[in-house]
Protein chains: 2
Amino acid sequence: MLMVQMLADAYDCDDAIADAEILIGSGRAAVEAVGATVIGETTTRYVPHGLTIGLFLAESHLVLTTWPEHRLLLIDVLLCNPEMSPDAVVDVLAARLCPRGRVVRHRVLRRIAADPA
Amino acid sequence: MLMVQMLADAYDCDDAIADAEILIGSGRAAVEAVGATVIGETTTRYVPHGLTIGLFLAESHLVLTTWPEHRLLLIDVLLCNPEMSPDAVVDVLAARLCPRGRVVRHRVLRRIAADPA
């Protein structure tokens with residue numbers, strides 16, 4: 001099986017990325033939009049600003065890292081269900097948090113089993 | 001500034017990847033080896049097996065996801081300090097957990113600021 005992990009860099013985000021509750025709510029909405037189930041949540045706060053939100057899923061995880069001083073949101077999503085689209089997760093987050101910004105997406109293919117050497 | 005996020009897929013790992021305490025200890029040793037500081041920790045357990053360990057760092061994060069039934073360890077490390085090597089973090093983890101296995105490394109470059117459009 002092949003999994004796609006998506007790392008997306010969202011620029012020119014709204015002030016909302018400095019608010020942990022809004023980030024968590026947006027993250028939950030994004031993963032629930034593709035049918036994923038949240039089973040754990042963490043928030044790490046940086047001084048003077050910046051947040052890392054981890055949403056742990058039945059299907060793996062979503063990590064959001066923010067740099068409010070650069071209006072930057074880093075999105076990292078791995079979904080161990082090929083019917084769930086990481087692009088759709090990124091789309092929901094970008095629409096809520098960075099509607100006027102630009103998103104650069106990186107797709108990384110990860111294999112469950114090694115290729116024959 | 002440019003950051004390198006490393007996603008590494010470690011195959012043919014030891015049984016230790018099914019043990020949360022060993023994973024956490026190995027993760028802490030790996031990030032401390034490059035001088036990073038752990039400021040938060042989470043463990044998510046899957047049924048019937050599988051773990052996701054999140055170590056949140058002053059310099060961002062390390063996430064370890066295991067699929068013991070495939071002897072697979074997924075390593076995801078982001079270090080917001082260019083003097084700290086994500087390769088060194090992966091080396092420590094591979095030596096401790098997958099010494100007889102193979103590691104496939106993916107490097108993703110993430111920019112703090114968008115390029116001029």
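# Two chains, one two-fold axis

Tutor: Read from the N terminus, chain A runs β-α-β-β-β-β-α-β. Helices (H or I, at least four residues) and strands (E, at least two) are DSSP runs, numbered from the N terminus. This is a predicted model, where local features need pLDDT of at least 70, side-chain atom pairs count only at pLDDT 80 or more, and totals for chains, interfaces and linings use all residues. Residues are numbered from 1 along each chain as its sequence is written, and chains are lettered from A and ligands numbered from 1 in the order in which they are written.

Student: How many helices and how many strands does chain A have?

Tutor: Start from the order β-α-β-β-β-β-α-β. Count each type in turn. Chain A comes to two helices and six strands.

Student: What is the radius of gyration of chain A, and what does the globule rule give?

Tutor: The radius is taken over C-alpha atoms, and the rule is 2.2 Å times the number of residues to the power 0.38. For 117 residues the two values are close, so chain A is as compact as a globular protein of that length. The C-alpha trace spans about 45 × 25 × 25 Å along its principal axes. The radius of gyration is 14 Å, and the rule gives 13 Å.

Student: What percentage of the residues of chain A count as buried?

Tutor: A residue is buried if 20 or more other C-beta atoms lie within 10 Å of its own, exposed if 12 or fewer, and partly exposed in between; C-beta atoms are placed from the backbone. Of the 117 residues of chain A, the buried share is 43%.

Student: In chain A, what share of the contacts with a separation of 6 or more comes from residues 24 or more positions apart?

Tutor: Two residues are in contact if their C-beta atoms, placed from the backbone, lie within 7 Å. Take the chain A contacts with a separation of 6 or more. Residues 24 or more positions apart account for 61%.

Student: How far apart are the end C-alpha atoms of helix α2 of chain A?

Tutor: Helix α2 (residues 86-97) has twelve residues. The expected span is 1.5 Å times one less than the number of residues. That gives 16 Å, and the model agrees: the ends are 16 Å apart.

Student: Which residues of α2(A) are buried, and over what arc?

Tutor: They are A:Pro86, A:Val89, A:Val90, A:Leu93, A:Ala94 and A:Leu97. The arc is that of the directions from the helix axis to the C-beta atoms. These residues sit on the same side of α2(A), because they cover an arc of only 130 degrees.

Student: What do the buried residues of α2(A) pack against?

Tutor: The partners belong to chain A. One of them is the helix α1 (20-33). The full list is β1 (2-10), α1 (20-33), β4 (60-67), β5 (72-79) and β6 (103-111).

Student: How is chain B laid on chain A, and what relation is that?

Tutor: Copies are superposed by least squares on the C-alpha atoms of residues with pLDDT of at least 70 in both. A turn of 180 degrees and a shift of 0.0 Å along the axis lay chain B on chain A with an RMSD of 0.0 Å. That is the relation of a two-fold axis.

Student: Which residue of chain B comes closest to the rotation axis?

Tutor: Look at the C-alpha atoms of chain B. At 3.8 Å from the axis, the closest is B:Thr42.

Student: How many residues does each chain give to the contact, and which elements of chain B give two or more?

Tutor: Chain B gives 29 residues and chain A gives 29. The copies meet through the same surface, because 100% of the interface residues of chain B are also interface residues in chain A. The elements of chain B are β1 (2-11), β2 (38-45), β3 (51-57), β4 (60-67), β5 (72-79) and β6 (102-111).

Student: Where does A:Pro48 lie, and is its bond from A:Val47 cis or trans?

Tutor: A:Pro48 lies in the loop between β2 (38-45) and β3 (51-57) of chain A. Omega from A:Val47 is near 5 degrees. The bond is cis.

Student: Is A:Arg71 buried or exposed?

Tutor: A:Arg71 is found in the loop between β4 and β5 of chain A. Its phi is positive, about 55 degrees, although it is not a glycine. With 20 other C-beta atoms within 10 Å, A:Arg71 is buried.

Student: Is B:Arg100 buried or exposed?

Tutor: B:Arg100 is found in the loop between α2 (86-97) and β6 of chain B. Its C-alpha atom is 8.1 Å from that of B:Asp14, 86 residues apart along the chain. With 9 other C-beta atoms within 10 Å, B:Arg100 is exposed.
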